[in-house]
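Q: Please take one part of this model and go through it closely. Start from a single residue and work outwards.

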Amino acid sequence: MIDLNNYKNKIIAHRGIHDNEKIPENSLKAFKLTIDKNIPIELDIHLTKDNELVVFHDDNLKRMTGIDKNIEQLTIEEIKKYKLLNTKEEIPTLKEVLKLVNKKVLIDIEIKGTNRIKKLIDVLLDQLNDYAGEIIIKSFNPAVIRELKKKTKKYKVGLLVSKNTNNKLYNLLSKTNLLIPLSKPDFLAISKKIIKEKNIQKYLTTYPILVWTIKTQEEIDYLNNKDFIYISNNLPFKKGK
């Protein structure tokens, strides 16, 4: 199992190195550029109608393809017809990304919202079974974390922590001391917006901490914590951007 202490004060590229112009987020082109710079990759996964895992952030395709359809209602054959933004890049499958990365860098996988938790986890663990590279997995959903930890001890599994989400139960639990104990994560991925709040401070020495989403070197300098791992966007950083 990966030792996250080896990644302290390091950067993970949020959805790969992208500009959403010539290089779309969560595309093979973005991931190849990230690998070439020897930077770990953060990505998002959804389960299609026919139980394939695709690497894509949103539930709906519209923002990145212009097509107003939900991923879970489409087959992989249908999804592969659409291009990302105004490029020739397709929405990649997780299998394609694993083949591209080929153990070269750490992959940080975020499991997006789904009602098919057990099926998604079964498919994910099956696809990761023969992959020997470094993997960590995270989710906002405590049920996802508990299910993953029940089924495997192979991967570090983390809880995403934020103040406001689309899930009312999550938002309620986040205002109490119950969310993290209920989830029993191996690490925490905490929004930069709440990292300095008092109710969060007590966890900073208890768990490995990833902070998201960092957009500038100045933000890292402001947080000033060499124990954090930074999930970063807008790479390479440009002063004042």
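A: Helices and strands here are DSSP runs, numbered from the N terminus: H or I over at least four residues for a helix, E over at least two for a strand. E110 sits in one such run, strand β4 (residues 107-111). The model is predicted, so local features need pLDDT of at least 70 and side-chain atom pairs count only at pLDDT 80 or more, while totals for chains, interfaces and linings use all residues. Residues are numbered from 1 along each chain as its sequence is written, and side-chain values use heavy atoms, leaving out hydrogens and water.

Is E110 buried or exposed? It counts as buried because its relative accessibility is 7%. The cut-offs are under 20% relative accessible area for buried, over 50% for exposed, and partly exposed in between (1.4 Å probe, protein chains only).

Next, the surroundings. Contact means heavy atoms within 4.5 Å. Leaving aside neighbours within four places in sequence, E110 is in contact with E42, L43, D44, I45, K138, F140 and L160.

Then the charge. K112 forms a salt bridge with E110, the closest N and O atoms being 3.0 Å apart. A salt bridge requires a side-chain nitrogen of Lys or Arg within 4 Å of a carboxyl oxygen of Asp or Glu. K112 is buried too, at 14% relative accessibility. The pair belongs to a wider network of salt bridges, linking R15, E25, D44, D58, R63, E110 and K112. A search of the whole structure finds 20 salt bridges.

Now the nonpolar side. A nonpolar core is a set of buried Ala, Val, Leu, Ile, Met, Phe, Trp, Tyr and Cys residues joined through side-chain atoms within 4.5 Å. The largest core has 51 residues, and L43 and I45 touch the most other members. Helix α5 (residues 117-128) gives this core its largest share, seven residues. Beyond four places in sequence, the contacts of I45 include L53, V54, V55, F56, L94 and I109. E110, I111, K112, L120 and L124 are also among them. Another core lies apart, with 13 residues, among them I2, L106, A189 and W212.

Last, a helix. In α1 (residues 28-36), A30, F31, T34 and I35 are buried. Seen down the axis, these buried residues fall within an arc of 135°, so they line one face of the helix; the arc is taken from the directions from the helix axis to the C-beta atoms. They pack against β1 (11-14), β2 (41-47), β3 (53-55) and α4 (94-101).
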